[in-house]
Amino acid sequence: MRTNDDSKFSFLLIGLGLAAIGGGLMAALLARKETRESLRESSRKTLDYLNQQGKKLRETTEGIVDKTKELLSHRCCSNDAATEAREHAYQEQGRETSGG
């Protein structure tokens with residue numbers, strides 16, 4: 001036959017079990033929140049890093065493009081100058097042969 005103390009003890013065990021389950025759920029929820037915050041922070045750091053690297057790449061690329069434009073403009077000018085010099089030489093040579 002059950003006594004009053006036995007039922008109190010079983011209720012105590014049930015209460016402790018429920019408290020352990022509730023505590024475990026709370027701990028899991030907090031851990032998920034901390035995990036989300038950790039992931040959010042690491043993704044923010046990664047985006048900052050990628051933005052910095054993109055800015056450096058953009059600056060480097062702009063420098064390369066500017067230098068290329070400069071070199072091509074000098075090359076075009078030097079080709080034009082060489083062409084003009086060649087034409088001038090042909091004209092001078094033609095004058096000499098025609099007796100001019």
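Let's start with charge on the surface: Arg32, Lys33, Arg36 and Arg40 form a positive patch there. Before I go on, please keep in mind that this is a predicted model. Take Lys33 as one member of that patch. Lys33 sits in helix 1, and with a relative accessibility of 43% it falls in the partly exposed class.

Now, where is the opposite charge? A negative surface patch is made up of Glu59, Glu62, Asp66 and Glu70. Glu59 is also a helix 1 residue. Its relative accessibility is 48%, so Glu59 counts as partly exposed too, because that label runs up to 50%.

You may be wondering about charge pairing. In general, side chains of opposite charge can pair when their charged atoms come close. So how many salt bridges does the structure hold? The count is 1. The partners are Glu41 and Arg44, and their closest N and O atoms are 2.6 Å apart. For those of you who like to check cut-offs, the limit used for a salt bridge is 4 Å.

Why is the spacing of these two along the chain worth a look? Glu41 and Arg44 are 3 residues apart in helix 1, which means about one helical turn separates them. Is this pair buried or exposed? Neither label fits: Glu41 is partly exposed, at 35% relative accessible area, and Arg44 is partly exposed as well, at 42%.

Let me turn to the nonpolar side of things. Phe11, Ile14, Leu18, Ile21 and Leu25 come together as a nonpolar surface patch. Together these five residues have about 570 Å² of accessible area. Ile14, one of them, belongs to helix 1, and that helix covers residues 4-98.

That brings me to the overall picture, friends. What does the protein chain contain in terms of secondary structure? It has 1 helix and 0 strands. And how much of the chain is buried? Of its 100 residues, 1% count as buried, where buried means under 20% relative accessible area. As for the surface total, the chain exposes about 9100 Å². Carbon and sulfur atoms supply 60% of that area.

To pull it together, we have a chain with 1 helix and 0 strands. On its surface there is a nonpolar patch that includes Phe11 and Leu25, a positive patch that includes Arg32 and Arg40, and a negative patch that includes Glu62 and Glu70. The salt bridge links Glu41 with Arg44. Thanks for listening, everyone!

Key: Residues numbered from 1 in each chain as written. Predicted model: local features only at pLDDT ≥ 70, side-chain atom pairs only at ≥ 80, totals over all residues. Heavy atoms only, no water. Patch = residues over 30% accessible without salt bridge, like charges linked within 9 Å, V, L, I, M, F, W, Y side chains within 5 Å. Areas by Shrake-Rupley, 256 points an atom, 1.4 Å probe, with all protein chains shown as cover. Salt bridge = Lys/Arg side-chain N within 4 Å of Asp/Glu carboxyl O. Helix = DSSP H or I, 4+ residues; strand = E, 2+ residues; numbered from the N terminus. Buried < 20%, exposed > 50% of the residue type's maximum accessible area, 1.4 Å probe, protein only. Lys, Arg positive; Asp, Glu negative; His and termini not counted. Charge placed at Lys NZ, Arg CZ, Asp CG, Glu CD.
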